[in-house]
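Biologist: Could you take a close look at one strand for me, and then place that strand in the wider fold? I'd like to hear about its cover, its partners and any cysteines along the way.

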Amino acid sequence: MTGTTAQPTSRARSWWGWGWADAHPDDAECAAMGALLPGTLARPLPVPRVRDLGIGSSAVQPPRSLARLVTADPADRAAHAMGKAYRDVMRALRGRPGRIPDLVARPLADQDVAELLDWAGERRVAVVPYGGGSSVTGGVEYRGDEHRAVLSLDLTAMGRVLEVDAEGRSARIQAGTLGPSLEDQLRPHGLTLRHFPQSFEFSTLGGWLATRAGGHYATGRTHIDDFVQSMRVVSPAGTGESWRLPASGAGPSPDRLFLGSEGALGIITEAWVRVQERPRHKASAAVSFADFHDALRAVRALAQCDLSPANCRLLDAGEAALSGAAQDGCAVLVLGFESADEPVTGRLERAVALARSHGGRAEAAKGSGDAAVGAWRSAFLRMPYLRDGLARMGAVAETFETATTWDRIPGLIDAVRTEVGAAALKATGHPATVNCRLTHVYPDGAAPYFTVLAAGRPGDEVALWDDLKAVAGEVLHRHRATITHHHAVGRDHRPDYDRQRPEPFALALRAAKGALDPHGILNPGVLVD
């Protein structure tokens, strides 16, 4: 069975900030948020305009055979210049977006990708793959001057579910398919991929694969890796496709080479992924804890039992207050279960009982737990827009995530709060807020996700954030916590990634880069030099 639904294009995306252009806080809302954070600007920075960037003409022109796929429109080029991290938003607000791509290409098929790569290799043009553009680690921008020009390769015109195998519960999907379109095309078959990162609305299957994205599930199938059957990849050295298999022990997995490769080794153009029946039974609850460390022990117990909650997100007191899940100084554990074929209320009740045995308190009044869960979910989706509003007030408002083993989790969280908070106070003279939540949990560890809110240094906000992130990176390294659990390496995490990976693996990665990308044009600067 095949699908033909096109990608939605009617609503305007923000070129400089997160999401939809019409969903950002207005000036009054920005000012109100800034008033809650001492040391911010008196009035919001103006929304940046493309025409103020002074974008010049392209340094190269495509051949006639590819001209139909390529544009040099300034607005399109500006929108593809950066991702959506705080430092990207702040650079746009300050009129310093960095290197603007010379061209934006939207291939329609694998052959188009291959021909664009051939042309770029001959002309020393860097090719930066671009899905939904939601990278928060510098993964979709070019930094440097080694290349004659830069081509942003936007895959979103390749946005179809090509084939559905209902019997085998799998689907062949083009890499440029955005999350909502992917689900819309699976829905008539009664199926779902059910991979919902926070960027779901503005990210693609190919982006998830290239960054090893984390998704909906807090336990079990936490990463897109767990859904992959096979992938098709176009590189300057040729096009390859792994066999579609339920499992294989035939040597190192070819898919593993390209999962997380961030377009540095090849362009992922499609994949067979495992799908499932849409859930019909859902249940959720919120459990509060007066002591955060009691809550950590409860979450560890939940991760090590056989209940497998779909959602098991622990919010510390600050994060719970920020999201509206609780205002009483308690930590909140958000629990959720789902199933396609059987009720899940029994599993939820067992999970709540386990949490209570570790000091948790579940609301007895019907619907109160649902209210806390609903408040968290709404804040989760709205938070990137609020971050951009705070950025307009000159504030530092950003997140970072990691993962480590349970024995290191309490010390890691305490150290990040203390050291990042102290660094922000020293740099700005104002106290900072450093909150934490657990987004994904495993039998052997968890993924803490930190939010940092601090006054900025006017005109120097990006450098301040870089300094704070460096302090955080040192804490993570000291506790042997990964530099990223699900946001990829990009360019921002390269120094820490270089320290984390074993050197023999780095040698193998460089060799693969040289073999697959002999001209060094694919996303230069990510993963390896």
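Modeller: Here is the strand first, then its cysteines, then the rest of the chain. Keep in mind that this is a predicted model.

The strand I'd pick is S13, residues 311–315. How many of its residues are buried? Five of its five, so "mostly covered" fits S13 well. The cover is on both faces: Asn311, Arg313 and Leu315 are buried on one side, and Cys312 and Leu314 are buried on the other.

Now for the partners of S13. Strand S14 (residues 331–339) pairs with S13 in the antiparallel sense, over five bridges. Within that pairing, Leu314 has Leu333 of S14 as its bridge partner. Strand S18 (residues 433–442) pairs with S13 too, again antiparallel, over two bridges. There, Leu315 stands opposite Arg437 in S18.

On to the cysteines. Why is Cys312 not in a disulfide? The closest cysteine sulfur, in Cys305, is 8.6 Å from the sulfur of Cys312, which is too far for a bond. The cut-off is 2.5 Å between the two sulfur atoms. Cys330 is in no disulfide either: the nearest cysteine sulfur belongs to Cys436 and is 16 Å away. With that cut-off, the count of disulfides comes to zero. Both of these cysteines are under cover, though. Cys312 has a relative accessible area of 1%, so it counts as buried, and Cys330 is buried as well, at 9%.

Stepping back, the chain around S13 has 15 helices and 19 strands. It runs to 529 residues, for which a compact globule would have a radius of gyration near 24 Å; the protein has 23 Å, so the two agree. Taken along the principal axes, the C-alpha atoms fill a box of roughly 70 × 60 × 50 Å. Of the 529 residues, 57% count as buried. Contacts reach far along the sequence, too: among those between residues at least 6 apart, 75% join residues at least 24 apart. On the outside, the protein exposes about 21500 Å², and carbon and sulfur atoms supply 53% of that area.

Elsewhere there is an open sheet of four strands, in the order S1-S2-S4-S3, with mixed pairing. Its edge strands are S1 and S3 (125–130), each of which pairs on one side only. Inside the sheet, strand S2 (residues 103–105) and S4 pair in the parallel sense over three bridges, with Ala105 opposite Leu153 in S4.

S4 covers residues 149–154, and Asp154 sits in it. Is Asp154 buried or exposed? At a relative accessible area of 4%, Asp154 is buried. The side chain of Asp154 makes a polar contact of 2.7 Å with the side chain of His80. Leaving aside neighbours within four places in sequence, Asp154 is also in contact with Val104, Ala105, Arg106, Pro107, Tyr130 and Gly131. So Ala105, which stands opposite Leu153, is among the residues that Asp154 touches.

For a smaller strand pairing, try S8 (residues 228–235) and S9 (residues 238–241). These run antiparallel and are joined by four bridges, and a hairpin of two residues links S8 to S9. One of the bridge pairs sets Val234 against Thr239 in S9.

Two loop residues round out the picture. His493 is found between helix H13 (461–478) and helix H14 (494–500), and it counts as buried at 4% relative accessibility. Not counting residues up to four places away in sequence, His493 touches Thr137, Lys469, Ile483, Thr484 and Ala488. Gln61 lies in the loop between helix H1 (27–35) and strand S1 (70–71). Unlike the buried residues above, Gln61 is exposed, with a relative accessible area of 58%. Gln61 and Asp407 are 346 residues apart in sequence, and their C-alpha atoms are 56 Å apart in space.

Back to your strand, then: S13 has five of its five residues buried, it pairs antiparallel with S14 and with S18, and its Cys312 has no cysteine sulfur close enough for a bond.

Methods: Residues numbered from 1 in each chain as written. Predicted model: local features only at pLDDT ≥ 70, side-chain atom pairs only at ≥ 80, totals over all residues. Heavy atoms only, no water. Buried < 20%, exposed > 50% of the residue type's maximum accessible area, 1.4 Å probe, protein only. Polar contact = N/O pair within 3.5 Å; in protein donor to acceptor, adjacent residues only side chain to side chain. Contact = heavy atoms within 4.5 Å. Pairing = 2+ DSSP bridges. Rg over C-alpha atoms; globule rule 2.2 N^0.38 Å. Areas by Shrake-Rupley, 256 points an atom, 1.4 Å probe, with all protein chains shown as cover.
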